[in-house]
Structure formats: C-alpha cells, structure tokens
Amino acid sequence: MLKLLPALLPWWLAGPGLGLCVAALYGLANRRLGVSGAWLAAVIAPIEGWAGERWRVEFLAALTGGALAAGTLGSATRLTGYPVLSRTVPAAALLPVLAAGGLALGYGARCAEGCTSGHGLSGCAAGSPDSLAATATFFAAAVGVTFAAHALTGGAL
Amino acid sequence: MNRGARASTIGVGIAFGFLVTGSGFGNYTTIHQALLLRSWYLFAVFGSAVAVAAAGLALLRRAGTTRYGGPLRLPHGPARRPHLYGAAIFGVGFGLTGTCPGGAVAMVATGGLAGLLVLAGLISGMWLRGATARPAGVRHPEIVADRLPVQPRMHVKDAPSGHGGHDSVPTLLVAEQPGGLGLTSRPEPDQHRSSAGPARRP
C-alpha cells in the first residue's frame with residue numbers, strides 16, 4: 001500500500017530470512033515452525049474440545065501481524081487475490097474451486113501432519129524422512145494439477 | 001513454556017509472516033508461475049530457506065541444547081502412508097488455489113479477499129479429517145493422533161527430563177501403535193522416548 005517494499009523481496013534476502021526463522025524457533029524455543037499446526041490449535045482445538053498449545057495460537061497471531069505489516073508497507077493491493085484466475089474462470093466456477101482447494105489443503109495438511117512450512121521448511125531442514133517424502137509428494141502433485149489446469153484452459157492459466 | 005520461549009515464538013512469527021508475504025507466497029501469480037516451472041524465484045526462496053535452516057540446525061545439533069526450550073528435539077520420523085496421501089491431497093489444493101496455510105494469510109493481508117474463502121475451506125478440511133478419523137478413535141480410544149496438533153515424532157538427543165515438553169500431547173506416541181487408522185508399519189522404538197508424560201498403553 002505504502003509502496004516502501006519491492007513487489008517481491010530478492011530471493012537471497014527472503015529465503016535465508018525464512019530459513020533463519022526456522023532455525024531460530026528451534027534454537028530459542030525448541031519448537032517446529034508450522035502454520036497448519038497453528039491453525040489446528042487456534043481454530044480446530046476449540047471446536048473439537050481439546051487444548052491447543054498456546055504458543056501456536058500466539059505464533060499464528062504474530063504471523064498475521066507480520067503479514068499485515070508487509071502488506072501495508074508493500075505495493076500490492078488486490079481485491080480478489082486471483083486476477084488471472086477470475087478473468088479465465090467464471091465466478092460461479094471459481095468460488096467452488098477455491099473452496100474445494102482450501103478443503104484439500106486442510107484435509108491433506110492434517111493427514112500429512114504438516115504443510116509447506118512444517119514439512120517443507122522445518123522437517124526438510126531437519127532431514128526427517130516423513131517431511132522429505134511429503135514435500136516431494138505435494139510439490140509433484142501441485143505441479144501436476146497446475147499443468148492439468150493449464151492444459152484444460154487451453155493455456156489461459 | 002517460559003517467557004523467553006513465548007517471546008521468541010512471537011518474534012519469529014512476525015518475521016515469518018513478513019517474509020512469507022514479502023516473497024510472494026500470498027500472490028497467486030508468483031506461485032502459479034513457479035508451479036508451471038516458468039519462474040524459479042519461489043524455488044530459489046524455498047531452496048535457500050531450507051539450506052540456511054539446515055545449516056542452522058546443524059550448528060544447533062552440535063550444541064545439543066536450546067536457549068529457552070531445553071535439550072534440542074528435532075523431528076525424525078519414517079514416511080507413512082498418511083504422509084504420502086495427505087501430501088498428495090494437499091498438493092492438489094496447493095495447485096488449485098496457488099496458496100498454502102501460511103500463504104493464504106499473506107494473500108488476505110495484501111487485500112486478496114478470496115484468501116478468506118480458501119481459509120474457510122482449510123478450516124473445514126481440517127475439521128473433516130478429524131471427523132472422519134474419529135470413528136477409529138472411538139473403537140480404539142488410544143488412537144488420537146489425528147485429533148492432536150501437528151506434532152512430529154521426535155528424536156531425542158538427551159534425556160527429556162526437566163524439559164518443559166509438549167503442553168498438551170502426552171499421548172501422541174500411543175497413536176503410533178500398528179493397526180491404527182489402517183497403518184501397518186511398526187513404530188521405531190526410539191520414538192517412544194520423547195513422550196512428555198507417562199504414555200497410556202492399550
């Protein structure tokens with residue numbers, strides 16, 4: 001909004017910075033950084049009636065604060081979040097696709113016990129076999145689905 | 001969890017949210033171009049993040065301890081079937097929405113209100129997994145893994161005594177019993193050592 005940040009931070013700044021976050025959370029608090037676990041503790045735990053770990057809820061709140069800070073300082077303000085997709089796919093189809101995609105993210109992350117951050121960053125950095133397998137699998141599936149969507153829309157996506 | 005650890009969690013959370021948003025994880029176009037293998041930006045971010053984190057963890061392994069959280073405990077678990085089919089389902093969602101549980105927060109934070117729909121789906125999906133896994137838990141009350149926070153099986157370098165441990169997951173390791181949720185592989189013995197409390201045995 002304030003356009004004080006470039007549209008994308010240079011990879012050599014953002015990547016090592018994210019890596020340091022993972023190492024710092026282990027080195028300081030001895031915890032695995034993972035966002036799906038934070039959602040689970042913050043929202044699902046109260047629904048299902050078990051005690052979610054408090055630090056996960058605080059982590060999610062802090063993450064949201066950091067994201068809002070970057071959104072405010074940065075250049076991007078997109079009212080849908082899907083400029084290309086909403087031009088290609090009619091809204092009546094787009095909204096169910098996004099909801100179904102979200103459903104797959106949530107179901108899959110809980111099944112796999114982690115997501116892009118928990119398995120992809122933290123678990124892979126620790127060399128954990130389950131994380132390495134999960135990360136290879138979800139990247140392969142995501143690339144496959146993206147190529148399929150590209151083919152089905154005649155290259156529009 | 002002590003004050004130092006909680007403050008660390010909050011500090012890391014702010015930095016992580018800032019960097020995830022700044023590196024375009026909340027931007028459909030950035031993710032989509034990467035998944036079409038047309039842009040290497042995201043892979044450069046991801047790869048350098050894992051490399052730096054791995055280097056940091058290597059140093060931490062040598063120290064063996066953490067500032068506020070006691071002896072270092074890193075995840076080390078075998079790949080099981082739910083990891084693979086869960087990750088495959090997750091990947092389909094990742095490809096369709098061009099975002100992930102953290103990226104969706106970044107999307108909403110940059111004005112992408114459709115991210116709210118993705119987040120609603122995410123919550124529903126997590127709930128659905130818990131609801132569909134519950135019958136097994138009813139038949140076998142010791143099987144509770146899927147109702148617990150995402151928590152890796154830990155490899156313990158040192159004796160866990162004196163460590164704050166998990167706040168709410170003392171029974172996690174019991175869920176590793178063979179046969180639970182259709183799993184057939186046998187848990188490795190050393191995974192049982194990280195239980196923060198006395199594990200309930202079936």
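This text walks through the parts of chain A and the places where they touch. The model is predicted.

Start with chain A on its own. The domain assignment splits chain A into domain 1, residues 1-77, and domain 2, residues 82-157. How far apart are the C-alpha centres of domain 1 and domain 2 of chain A? They lie 19 Å apart.

Now look at where these domains meet. Nine residues of domain 1 of chain A are in contact with nine residues of domain 2 of chain A. Contact here means that the C-beta atoms, placed from the backbone, lie within 7 Å. Stay on the domain 1 side. Helix H1 (11-29) and helix H2 (35-48) of chain A each supply at least two residues there. H2(A) gives the most, with four residues. By class, this side of domain 1 of chain A has five nonpolar, three polar and one charged residues.

Next, turn to chain B. The contact between the chains takes 111 residues from chain A and 106 residues from chain B. Which helices of chain A supply at least two residues each to the side that touches chain B? H1 and H2 do, and so do helix H3 (54-73), helix H4 (83-88), helix H5 (91-112), helix H6 (116-126) and helix H7 (129-152). The largest share comes from H1(A), with 18 residues.

Finally, check the classes on this side of chain A. The side of chain A that touches chain B has 68 nonpolar residues. It also has 32 polar and 11 charged residues.

Trace H1(A) once more. H1 of chain A supplies residues to the side of domain 1 that touches domain 2, and H1(A) also supplies residues to the side that touches chain B.

How values were computed
Residues numbered from 1 in each chain as written. Chains lettered and ligands numbered in written order. Predicted model: local features only at pLDDT ≥ 70, side-chain atom pairs only at ≥ 80, totals over all residues. Domains from an automatic or database assignment. Contact = placed C-beta atoms within 7 Å. Nonpolar A, V, L, I, M, F, W, Y, C, P; charged D, E, K, R; others polar.
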